[in-house]
Amino acid sequence: MKVIEKRDAFLSDYEVFQFLTNLETSHGWDDETQALLQQNRRKKIKTKKPYNNVTLQRITRDTISYLRVNKSYIAQDEDEEMDEVTKNQNMSSPICKLQNDQFSELMRDLNRFELFKIEKLQIVNQLPSNMVHLYSIVEECDSRFNEDQINEIISIIERYSQSQ
């Protein structure tokens, strides 16, 4: 096999999450479809069986569950007092809450800045919430952008990571 084009395009975590979620739904691997199938089996109603590839199903489910976790979430002592719903909201990744139009707007907003493709990819995947995190992603951030631009990038990211 011969590689014709190296790294022709990159996929963000959001795009992978959307693809796998659609794959899971279309093949009937999601929890709602599985519950409906179990219910129909008990009632002896004939239904079309979902595509059965256990390995692919497991990989899809594991990858989706990995992408749903907020990697930048740090547990605090106050978390013990939080109810389970609030704790799960804090632990779930912001990419799970984005819609396609919001993701497109985020990319358009980031395109206003002279960022490399890989930097935009890392920003979208990690959604940094402070300057330190952004500086670790963007190469020579302090020489390429002034403080106002950096604050604008962070405010753009916060607007999309906080929106539900």
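Biologist: What makes the meeting of the Glu119 and Arg144 side chains a salt bridge?
Modeller: Happy to start there! In this predicted model, their N and O atoms are 2.8 Å apart. The cut-off is 4 Å between a side-chain nitrogen of Lys or Arg and a carboxyl oxygen of Asp or Glu, so the Glu119 and Arg144 pair counts as a salt bridge.

Biologist: Which parts of the chain does this pair tie together?
Modeller: Glu119 sits in helix α6, while Arg144 belongs to helix α8 (residues 141-144), so the link joins parts 25 residues apart in sequence.

Biologist: How do you know whether Glu119 is buried or exposed?
Modeller: We compare its relative accessible area, 3%, with the limit for buried, which is under 20%. Glu119 is therefore buried. Its partner Arg144 has 27% relative accessibility; that value falls between 20% and 50%, so Arg144 is called partly exposed.

Biologist: How many salt bridges come out of this rule?
Modeller: The count is three. One of them is formed by Arg159 and Asp109, whose closest N and O atoms are 2.8 Å apart. Here Arg159 in helix α9 (residues 147-162) is linked with Asp109 in helix α5, 50 residues apart.

Biologist: Why is Asp109 called buried?
Modeller: Its relative accessibility is 15%, and under 20% means buried, so the name fits. Arg159, in contrast, has 45% and therefore counts as partly exposed.

Biologist: What makes Arg112 and Glu152 a salt bridge?
Modeller: The N to O distance for these two side chains is 2.7 Å, which lies within the 4 Å cut-off, so the pair qualifies. Arg112 is in the loop between α5 and α6, and Glu152 is in helix α9, 40 residues apart.

Biologist: Why is Arg112 called exposed?
Modeller: Exposed means over 50%, and Arg112 has 51%, so it passes. Glu152, at 31%, counts as partly exposed.

Biologist: How do you know that the span of helix α1 agrees with its number of residues?
Modeller: Helix α1 covers residues 13-26, which makes 14 residues. At 1.5 Å a residue, they should span 20 Å, and the end C-alpha atoms are 20 Å apart, so the two values agree.

Biologist: Which residues of α1 are buried, and what covers them?
Modeller: Tyr14, Phe17, Leu20, Leu23 and Glu24 are buried. Their cover includes α3 (54-68) and α5 (100-111). Just after α1 comes Gly28, with a positive phi of about 75 degrees.

Biologist: Where is Ser93, and why is it called buried?
Modeller: Ser93 is found in the loop between α4 (84-91) and α5. Its relative accessibility is 7%, and the limit is under 20%, so Ser93 is buried. Leaving aside neighbours within four places in sequence, Ser93 has contacts with Leu67, Arg68, Val69 and Asn70.

Biologist: Which residues make the nonpolar surface patch?
Modeller: Phe10, Phe116 and Ile118 make the patch, which is about 280 Å². Ile118 lies in helix α6 (residues 117-126). To join a patch, a residue needs over 30% relative accessible area; Ile118 has 41%, so it meets that requirement. That value also makes Ile118 partly exposed.

Biologist: How many disulfides does a search of the whole structure find?
Modeller: Zero. As for cysteines, Cys141 is buried at 1% relative accessibility, whereas Cys96, at 24%, counts as partly exposed.

Key:
Residues numbered from 1 in each chain as written. Predicted model: local features only at pLDDT ≥ 70, side-chain atom pairs only at ≥ 80, totals over all residues. Heavy atoms only, no water. Disulfide = S-S within 2.5 Å. Buried < 20%, exposed > 50% of the residue type's maximum accessible area, 1.4 Å probe, protein only. Patch = residues over 30% accessible without salt bridge, like charges linked within 9 Å, V, L, I, M, F, W, Y side chains within 5 Å. Areas by Shrake-Rupley, 256 points an atom, 1.4 Å probe, with all protein chains shown as cover. Helix = DSSP H or I, 4+ residues; strand = E, 2+ residues; numbered from the N terminus. Expected span 1.5 Å × (residues − 1). Contact = heavy atoms within 4.5 Å.
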